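Hi everyone, thanks for coming. I'll walk you through one structure today, so have a look at it while I talk.

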Amino acid sequence: MRRRNLLAGLAATTAATAWPIHARAGTAADSEPPVGLEALLTAENTAVPSAPTARLIQALTRAQSAFTDTRYDELSRQLPTLIRMAAASHRDGPEVQREQLAAILAQSYRLGAELCIKLNDDPIAWVLADRALTAARASGHATTIADASRSVAIAMRRSGHHQGAVALLTTTAENLDADTSQASPSVIAAYGSLLCTAAYSSAQQGNRSQAIQLIDEATRVATRHSHTTPEAGEPFGLTNVAIYKIGIYTTLGETGTALQHASTVQPQLLPSPERHARYCIDTARAWEQHGNPERAYEALRIAERYAPQEVRRSSVRTLISTLLYAPSQTPQGLRDLAVRVGATTP
């Protein structure tokens, strides 16, 4: 009851904001140029035969691995073909598999949206996320709908629609009924991930009380989730919640608290290079705002070791430039890092 009252109350206060419904380095593939993100928008328009479901699942699994390993250039080359095949199969495939094929299409578009967010193309991300949500709703899969809703909300937040993002996230979370005894671990994890994203969106809006309410609820859910699902390798759990707390408290200007949460993270429990880099980069931002450029640089250096393409993101280059041109003494090695990621010229 407390959970439902919390989410219903938040949804009621934000629902007035409308949101448009249509709106690892070193592999051989790294020598090929990445594909322009616009290709993801037009991929479904190319006429191709439908593909066997097993082949689609294999292609989707490869694409998901490329994302979690932060091989973004490689992912940009994989996704147009995946989306093309998934769209054709959903359109022309067997009727008895229509819902499964819709879920595969939704997950393909969601990966495209997340790639665009990583590469700082928010308008295309929003379009792809909306397509993902449309396909997810056609699938009828609750967790697929939740994942696609998160992608839409992230695109909304990055475009300044914080209230609408929180409304979408909390409403979607409420509809999952994750507090029932029949809720599966995947539903509980989806619910917690929605809360984490809503908490971060609230923090970015400057709504501290709402952000703390939501992340506290996510902590409660993660504690429950840890009793049924081992955390190592899982995308949601107490470790992932702690990473969100770093970003939330840094955004709220409470860097001491953010760094306290950073100290609780056990890196061996992080499920992927992408999550490891997110932890390091968020910690670097906290150290930079806390006035310790040396520790910030050290965190960024570790992030580069695990996920070099993640450190080349626009927002991370901006952070590196801020450290490089700060009035304090430049950490040794920072300029070389800035050159490697393109934050400055040699």
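Before anything else, a word you'll need: pLDDT is the predictor's confidence in each residue, on a scale from 0 to 100. We need it because this is a predicted model. For the protein chain the average pLDDT is 89, and 87% of the residues score at least 70.

Where is confidence lowest, and where is it highest? The low end is helix H1, residues 2-14, with a mean of 58, and the high end is helix H12, residues 255-262, at 98. There's also a stretch to be careful with: over residues 13-31, pLDDT stays under 50. The model does have 30 contacts beyond four places in sequence for that stretch. Still, where pLDDT is low, the predicted coordinates should not be read in detail.

Okay, on to the inside. The largest nonpolar core has 73 residues, and the members that touch the most others are Leu40, Ile215 and Ile248. Helix H9, residues 185-205, gives this core its largest share, 12 residues. Apart from that core there's another one, with 34 residues, including Ala242, Ile243, Tyr279 and Val316.

Let's zoom in on isoleucine 248. What does it touch, if we skip its neighbours within four places in sequence? The list is Ala199, Tyr200, Ala203, Ala211 and Ile215.

Now my pick for a closer look, helix H6. H6 is 18 residues and spans 25 Å from first C-alpha to last, close to the 26 Å expected at 1.5 Å a residue. At its start, a side-chain oxygen of aspartate 121 comes within 3.5 Å of the backbone nitrogen of isoleucine 124. After H6 comes glycine 140, with a positive phi near 75°.

Which residues of H6 are buried? Among them are Ile124, Trp126, Leu128 and Leu133, along with polar ones such as Asp122, Asp130 and Ser139. The cover over the buried residues of H6 includes helix H2 (38-42), H5 and H7.

H7 has a nice example. Threonine 144 sits in this helix, which runs over residues 142-158. Is threonine 144 buried or exposed? Its relative accessible area is 7%, and buried means under 20%, so threonine 144 is buried. Beyond its neighbours within four places in sequence, threonine 144 contacts Ala103, Ala106, Gln107, Ala136 and Ser139. Ala136 and Ser139 are among the buried residues of H6 we just talked about.

Next, two backbone oddities. Most residues other than glycine have a negative phi. Asparagine 120 isn't a glycine, yet its phi is positive, about 65°. You'll find asparagine 120 in the loop between helix H5 (98-118) and helix H6 (122-139). With 43% relative accessibility, asparagine 120 counts as partly exposed. The second one is aspartate 177, also not a glycine, with a positive phi of about 50°. Aspartate 177 is in the loop between helix H8 (162-175) and H9. Its relative accessibility is 33%, so aspartate 177 counts as partly exposed too.

Last stop, the cysteines. How many disulfides does a search of the whole structure find? The count is 0. As a reminder, a disulfide is a covalent bond between the sulfur atoms of two cysteines. Cysteine 116 has 0% relative accessibility, so this residue counts as buried. Cysteine 280, at 5%, counts as buried as well.

That's my tour, happy to take questions!

Definitions and conventions
Residues numbered from 1 in each chain as written. Predicted model: local features only at pLDDT ≥ 70, side-chain atom pairs only at ≥ 80, totals over all residues. Heavy atoms only, no water. Core = buried A, V, L, I, M, F, W, Y, C linked by side-chain atoms within 4.5 Å. Buried < 20%, exposed > 50% of the residue type's maximum accessible area, 1.4 Å probe, protein only. Helix = DSSP H or I, 4+ residues; strand = E, 2+ residues; numbered from the N terminus. Contact = heavy atoms within 4.5 Å. Expected span 1.5 Å × (residues − 1). Polar contact = N/O pair within 3.5 Å; in protein donor to acceptor, adjacent residues only side chain to side chain. Disulfide = S-S within 2.5 Å.
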